[in-house]
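Here's a walk through a few features worth finding in the viewer. Keep the structure open beside the text and click along.

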Amino acid sequence: PRAPGAAAAPRREAAAQVGFRAALYFLFLREFQQADIKYLSGWNQWKRSSRKSWKKVFDEAKEVLSYLELWRHDIHSIEGKFGTGIQSYFSFLRFLVLLNFVIFTLMFSFVTLPSIISKYGIFNSSFDEIPAKSIEPHCTVYTPSGNKGLIYFYTYPKDLLSGTGFLEMTSLFYGYYTIDAAWISIFRYNLPLAYLLTTFAYLALSLLWIIKRSVEGFKQNLVHDEDQFQSYCNKVFAGWDFCITDLNAARLKHRSLQYELKTDLEEERLKQKIADRTMKDKLRIYSLRIFLNIIVLAVLSGCFYSIYRATVFSQGNISNVSIRHDIRTNSNLLVQYLPSIVITLANFIAPQIFSVLIRLEDYSPAFEIRLTLMRCVFVRLANIGVLLFSLWSQISYCATEKCKACGYNYELYPCWESQVGQEMYKLLIFDFIIIVAVTLFVDFPRKLLVTYCSCKPVQWCGLQEFGISDNVLEIIYGQTICWIGTFYSPLLPAIATMKYFIVFYIKKISLIHTRKPSARPIRASSSNFFFLVVLLIGLVLAFIPLGISIAHIPSSKACGPFRNFNTSWAVVPHTILGFPTGLQKVLYGIASEAFAVPFFMVICLVMFYFIALAGAHKRVVEQLREQLVMESRDKLFLIRKITEAQKPLD
């Protein structure tokens, strides 16, 4: 008989040979790289060493800056306890806080600060207010509704909620910016042009930032969806971070990986369930989905009709009064705020109905979020559209010659931009109030009932789930309001920044103490990408009312920086007329069809080239993947042959 260690001897020798070969390979690779460096010229060696040094500096700086990232520890803790799906919501909320802060910085630096400096004569500055020319005198009358005479105790809270009273002529709203030019030393600052260009700048910045993040999310989503087996291998064999030394961080990472694997298994289970459906099951589920979608359409129609009737009723009562001061003091407060209240209620009730219906439709968790978001988007964004359409129909309605001379209803809306800004302000404030009220008066009492009441109905209801789609839509709705309202209320992004900053902690406390995570795991890679796509839809929809307002609706002649222009856009050609003749011809040539058509054709050719290049790269990747599969099969074949050859030795 053979000795006990004799069978293991060939295996040890084979392992030693493999280790020796690996060491030789790495030694040869290192010698090859060093030899390659020796044969490089001095300039190339310096470039290579400089590139490595700068890369090291950038990596270290990036690592240091990561510790300064807002809510870094909180978001990692949420990811470990509740999974990447809920973590994606809080990361998305952080992105909107940073975006609104940057927008506020732009508006404050280029619009608000020059106005304040010039009005108060700071840095020996001054300002110009050009008197209106060829404008009817009655169009320039504007008497803001300030607090005059006896002030009741509820006046200031009402003004804070509605943006009226003492807030109306502050830098918060459009009517405050009446300066045509600010003089700082010998430098002339064109405020109307700066106001318009800053508006374009924050919209373009938002678009580019969202597209950049969407592309990053799309890459992750594409890599994940390409090969499910690869995803499992990455998590099992390469998912752990060996730089983790803290025990709590290790636990969070362990929970995060466990949650992601659970999500993968849940998706595979649903795919298998869908594949095993019989024709009878398919007929039943499709019939149920058709019936539930009819209910969804009925809910959407009811919301739109309610908003329309509330807006018409509110504006109809206001239009019966001819003097704006009487509107502010004598109108019923409930009637004045009726559109905002109805919109807020519709935004609160409709998602609750959709979240109940979506559970009956038997979709995957990721598709469930997407479908619910798209349904709720129609409710919330269409509500804003209905409100703006109703306001602009009242603003543009003119029944007299004096009104037609102004181009808008000057009696009801002498400064209609501030009026629209107040509506956006009210929607943003009411949305925040609803978020706080639901947490305090719905979630906390429900938590207490579930904890201390043993009644079966209460226990059957349980805690409210933390619905990602509902919460994401709340902040997308608020962000769309902010994009639209910033033109009419330049400091609205500052309010949105503070709102989302507070909402982060409210939602965190609600998640930890009063709600429970969704019973169905949700993947973050697809959620992040889809959240940004819906946010991009909100931004595109914000372009429409702003474009109509800037280019089509006559600007107010009694307030604002564009009171001397027919529309807000008219400041651009007026400014171009002051340029040299050659530059004017160049700009007009760029804006002409002779330049636009060839430019569009070139863009199309470039786009087709990149599409073809992407297709070629995709085919190469597929071929490389097939080669990897073939190599893995060859390795399995060799291992099997080695095992068969070692059996006689055993």
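Let's start with a cysteine link: C139 and C406 are joined with a left-handed twist, at -90° about the S-S bond. Bear in mind that this is a predicted model, so the geometry here is computed from predicted coordinates. The sulfur atoms of C139 and C406 sit 1.7 Å apart. Where do C139 and C406 lie? C139 is in the loop between β1 (125-128) and α5 (155-162), while C406 belongs to helix α14 (residues 401-406), so this disulfide ties together parts that are 267 residues apart in sequence.

Neither end is out in the open. C139 comes in at 2% relative accessibility, so it counts as buried. C406 has 4% and therefore counts as buried too.

How many disulfides does the structure hold? There are two, and the other one joins C415 to C559, with 1.9 Å between the sulfur atoms. This link is right-handed, with 90° about its S-S bond. C415 lies in the loop between α14 and α15 (416-452), and C559 in the loop between α19 (524-551) and α20 (571-576), so the pair ties together parts that are 144 residues apart in sequence. C415 and C559 are both buried.

Here are the two links side by side:

| Disulfide | Sulfur-sulfur distance | Angle about the S-S bond |
|---|---|---|
| C139 and C406 | 1.7 Å | -90° |
| C415 and C559 | 1.9 Å | 90° |

One further cysteine to click on is C303, which counts as buried because its relative accessibility is 10%, below the 20% cut-off.

Now for the aromatics. The structure holds 23 aromatic pairs. One of them is Y176 with Y177: the ring centres are 5.2 Å apart and the planes stand at 90°, so the pair is edge-to-face. Y176 has a relative accessible area of 12%, so it is buried, and Y177, at 0%, is buried as well. Another edge-to-face pair is Y195 with F562, at 5.8 Å centre to centre and 90° between the planes. Y195 is in helix α6 (residues 191-226) and F562 in the loop between α19 and α20, so this pair ties together parts that are 367 residues apart in sequence. Both Y195 and F562 are buried.

These four residues belong to one aromatic cluster, made up of Y174, Y176, Y177, Y195, W416, F487, Y488 and F562.

Y177 also turns up in the surroundings of T112, a residue of helix α4 (residues 84-119). Which residues does T112 touch, leaving aside its neighbours within four places in sequence? The contacts are M107, S171, Y177, P490 and L491. Is T112 buried or exposed? Its relative accessibility is 0%, so T112 counts as buried.

To finish, head for the surface. F579, L583, V586, I590, F595, F599 and I603 make a nonpolar patch there of about 620 Å². Helices α21 (581-590) and α22 (593-646) are the elements that give two or more residues to this patch. A patch member to pick out is I590, found in helix α21. With 44% relative accessibility, I590 counts as partly exposed, because that value falls between the 20% and 50% cut-offs.

Notes. Residues numbered from 1 in each chain as written. Predicted model: local features only at pLDDT ≥ 70, side-chain atom pairs only at ≥ 80, totals over all residues. Heavy atoms only, no water. Patch = residues over 30% accessible without salt bridge, like charges linked within 9 Å, V, L, I, M, F, W, Y side chains within 5 Å. Areas by Shrake-Rupley, 256 points an atom, 1.4 Å probe, with all protein chains shown as cover. Salt bridge = Lys/Arg side-chain N within 4 Å of Asp/Glu carboxyl O. Helix = DSSP H or I, 4+ residues; strand = E, 2+ residues; numbered from the N terminus. Buried < 20%, exposed > 50% of the residue type's maximum accessible area, 1.4 Å probe, protein only. Contact = heavy atoms within 4.5 Å. Disulfide = S-S within 2.5 Å. Phe/Tyr/Trp six-rings, centres within 6.5 Å; stacked < 30°, edge-to-face > 60°.
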